[in-house]
Amino acid sequence: MTDPKKDTLILRVADIETDVLTGIYSEETGKPQPLRITIEARMSPQPAYDPDTTLDASKNYMDLRHAATEGLPEGVHFKLIEAVGDHICETLFLQDERIEAISVTIVKLAIGIGSEKIGITLHRERP
Ligand SMILES: Nc1nc2c(c(=O)[nH]1)N=C([C@H](O)[C@@H](O)CO)CN2
């Protein structure tokens, strides 16, 4: 369990819209589907950030966006969106040892009726 008194830094990129090969049914095979992906990555912050602190003291939040777009392998069909989420988590954990936990929320845009938002949130603590 996370220590409730521990300082945290959450990097967040919300509502990335990207097309991914995913779906469990035969009619979904071979067709990219639009997903809306939100990623949060938890780190321990520096004790303080002064105005001259440089990016190496943190992590570039654009790396989160990259993990959900160009970082997904071309031509791979993910049956479950859980597997898309796991690929994003693995990419980010491997990239930076300072990331302690990641949450990935994925909404499948093509299947909701009206204002429904159907999908998952996968939360992983660093293995
Ligand atoms: N937990 C999940 N449930 C479902 C998924 C999924 O990826 N994870 N996928 C589908 C189908 O592909 C659906 O989106 C098509 O209607 C169903 N349930």
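**A four-stranded sheet, its core and its ligand shell**

Strands β1 and β2 pair in the antiparallel sense, with 11 bridges between them. This pairing comes from a predicted model, and it makes a handy starting point for a walk across the sheet. Within it, Thr 18 stands opposite Leu 35 of β2. Leu 35 also stands opposite Lys 108 in β3, so it is a useful residue to find on screen because β2 and β3 pair too, over eight bridges and again in the antiparallel sense. The walk continues from β3 to β4, two antiparallel strands joined by seven bridges. Here Ile 106 has Ile 120 of β4 as its bridge partner.

Put together, these pairings give an open sheet of four strands in the order β1-β2-β3-β4, with antiparallel pairing. Strands β1 and β4 (119-125) stand at the edges, and since each has a single partner strand, one side of each is left without a neighbour in the sheet. From one strand to the next, the twist averages 15°. As general background, side chains in a regular strand alternate between the two faces of the sheet.

Stepping back to the whole protein, the secondary structure comes to two helices and four strands. Followed along the sequence, these elements give the pattern β-β-α-α-β-β. The C-alpha trace spans about 50 × 30 × 30 Å along its principal axes. Of the contacts between residues at least 6 apart in sequence, 64% join residues at least 24 apart. Buried residues make up 19% of the 127 residues.

Where do nonpolar residues gather in the interior? The largest nonpolar core has 20 residues, and Ile 39, Val 84, Ile 88 and Leu 92 are those with the most contacts inside it. At least two core residues come from each of β2 (32-43), α1 (62-68), α2 (81-95) and β3 (101-108). Helix α2 gives the most, with five residues. A good example is Ile 88: leaving aside neighbours within four places in sequence, Ile 88 is in contact with Ile 39, Ala 67, Ala 68 and Val 104. Such a core fits a general tendency, since nonpolar side chains in soluble globular proteins tend to be buried together.

Two residues give a view of the exposed parts of the model. Asp 15 is found in strand β1 and counts as exposed because it has 9 C-beta neighbours inside 10 Å. The backbone of Asp 15 also deserves a look, with a positive phi of about 65° although the residue is not a glycine. For context, most residues other than glycine have a negative phi. Lys 6 lies in the segment before β1 (9-21), and with 10 C-beta neighbours inside 10 Å this lysine counts as exposed as well. The C-alpha atoms of Lys 6 and Pro 45 are separated by 9.6 Å, while the two residues are 39 apart along the chain.

Finally, which residues surround the ligand? The shell consists of Gly 23, Ile 24, Tyr 25, Glu 28, Leu 80, Ile 81, Glu 82, Lys 108, Ile 111 and Ile 120. Sorted by class, the shell has six nonpolar, one polar and three charged residues. Two names here are already familiar from the sheet: Lys 108, which stands opposite Leu 35, and Ile 120, the bridge partner of Ile 106.

Methods:
Residues numbered from 1 in each chain as written. Predicted model: local features only at pLDDT ≥ 70, side-chain atom pairs only at ≥ 80, totals over all residues. Near = placed C-beta within 6 Å. Nonpolar A, V, L, I, M, F, W, Y, C, P; charged D, E, K, R; others polar. Buried ≥ 20, exposed ≤ 12 C-beta atoms within 10 Å, placed from the backbone. Core = buried A, V, L, I, M, F, W, Y, C linked by C-beta atoms within 7 Å. Contact = placed C-beta atoms within 7 Å. Axes fitted to C-alpha atoms, helices over the stretch in contact; angles between N-to-C directions.
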